[in-house]
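Please look at the sequence and the structure shown here before reading on. The account that follows is meant for a reader new to this protein.

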Amino acid sequence: MKKDRIEICDLKREYDFLKKEILSQIQPLFKTHHWVLGEKLAEFEKKAARFLGCRYALGVSSGTDALVLALQALAKKLKKKTLSSRDEIITTPFTFIATGEAILRVGARPVFVDIDPQTFNLDPLAVKKAISKNTVGILPVHLYGLPADMKAIMDIAKVKGILVVEDCAQSFGAEINGRKTGSFGLLGCFSFFPSKNLGAYGDGGMVVTNDYSLFKYLKALRNHGQTKPYRAEFLGYNCRLDSFQAAVLLAKLKHINYLNSLRKKKAACFNQRLSHLKQIVVPPSAGHIYHLYTIKVSSRRDGLLKFLNKHQIEARVYYPYLLSRMRAFRSAKAASLRNAPKACRQVLSLPLYPFIKTEEINYICDRIEQFFSSKV
Ligand SMILES: Cc1ncc(COP(=O)(O)O)c(C=O)c1O
């Protein structure tokens, strides 16, 4: 019998679980016809802010826009009209393009520093070393859903008087000692891309902060710079989150703890099955909410990837290239990078989502064991 393909993320199963609630959130919109901004978005923002332990949340049109707006807010906090290529923002090269792109987009210069080889997140020591008189910000990413070392990063930032913006695109609900990612820095940025732990049915994102004046600024910024209807105080954007997405997100937010707990359980099954293999290091578990379940493969990673794909398993490499090596980032600065290039060669993300079945996990692990026990 032909085996069904095991996708890296199966959204149909999540929809089956949440269908009734999603539809009952969407249905009232057909009466009000408030499709942009509106009550659903306000309700979602209030509940999301409460969940994350932040005072304010603002829905925007994507995680990328969340980063761009947040970095503009950082400039405002510094009392600068705009950022320039003299203004440096320290971040990781081992992330999705959007992290570095947002820095360039607001006119600043990315400074790429090395990562910790165990967590794949920013190495605080490398951050400290890269600080110069031009550093205006640090932009940690909680990669794969594993929180970055925010205590160390915030300590460094505080001593040096530097602002921190968190890229939480992959970490909705992840926490460190009971405190959610996104609530440590001046601003936190989330993505609601469909495959994210809290995913919309289209693009979406959010910025959170405890700073009221930045909240007011961002609220106007996402809506053409309007502080009053049809009165623009400054140049803004059209990057609002629509009511339809807010309705989907409201339905999902209610269950996010449960959905994340399922991810943790499934990750524990993988850990149990894979830990004994000497070619594999399983991901650290503290605070992890497993947006991606990513193992480190010390030998024959590409062979394993091909083998799994051949057996109908959608494993993937996040990320095969460092931002610092891409042409788009040629104006960026890069510190000496040892662990980040190695990560590109060693990481492999396996299918993991709340409703993946135990037999599917076992099938994947059987194939991995088979690969390493033979010369395939
Ligand atoms: C780390 C990181 N930052 C930013 C983004 C951008 O989010 P979006 O796709 O919603 O624009 C993503 C999306 O995958 C991401 O993974």
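The paragraphs below treat the domains, then one helix, and then the ligand.

This is a predicted model, in which local features need pLDDT of at least 70 and side-chain atom pairs count only at pLDDT 80 or more, while totals for chains, interfaces and linings use all residues. Residues are numbered from 1 along each chain as its sequence is written.

The domain assignment, which is automatic or taken from a database, gives domain 1 (11-253) and domain 2 (256-373). Their C-alpha centres lie 24 Å apart. Domain 1 brings 42 residues to the contact and domain 2 brings 31 residues, two residues being in contact if their C-beta atoms, placed from the backbone, lie within 7 Å. On the side of domain 1 that touches domain 2, the largest share, 4 residues, comes from strand S3 (109-112).

Helices (H or I, at least four residues) and strands (E, at least two) are DSSP runs, numbered from the N terminus. Helix H4 covers residues 63-77, and its end C-alpha atoms are 21 Å apart, which agrees with the 21 Å expected for 15 residues at 1.5 Å times one less than the number of residues. Because 13 of its 15 residues are buried, H4 is largely enclosed by the rest of the structure; buried means that 20 or more other C-beta atoms lie within 10 Å of the residue's own, with C-beta atoms placed from the backbone. Just after H4, Lys-79 adopts a positive phi of about 60 degrees.

The ligand is surrounded by 15 residues, the closest being Ser-62, Gly-63, Thr-64, Ala-169 and Ser-191; a residue counts as near if its C-beta atom, placed from the backbone, lies within 6 Å. H4 and helix H5 (97-105) are the elements that give two or more residues to this shell.

Note on methods. Buried ≥ 20, exposed ≤ 12 C-beta atoms within 10 Å, placed from the backbone.
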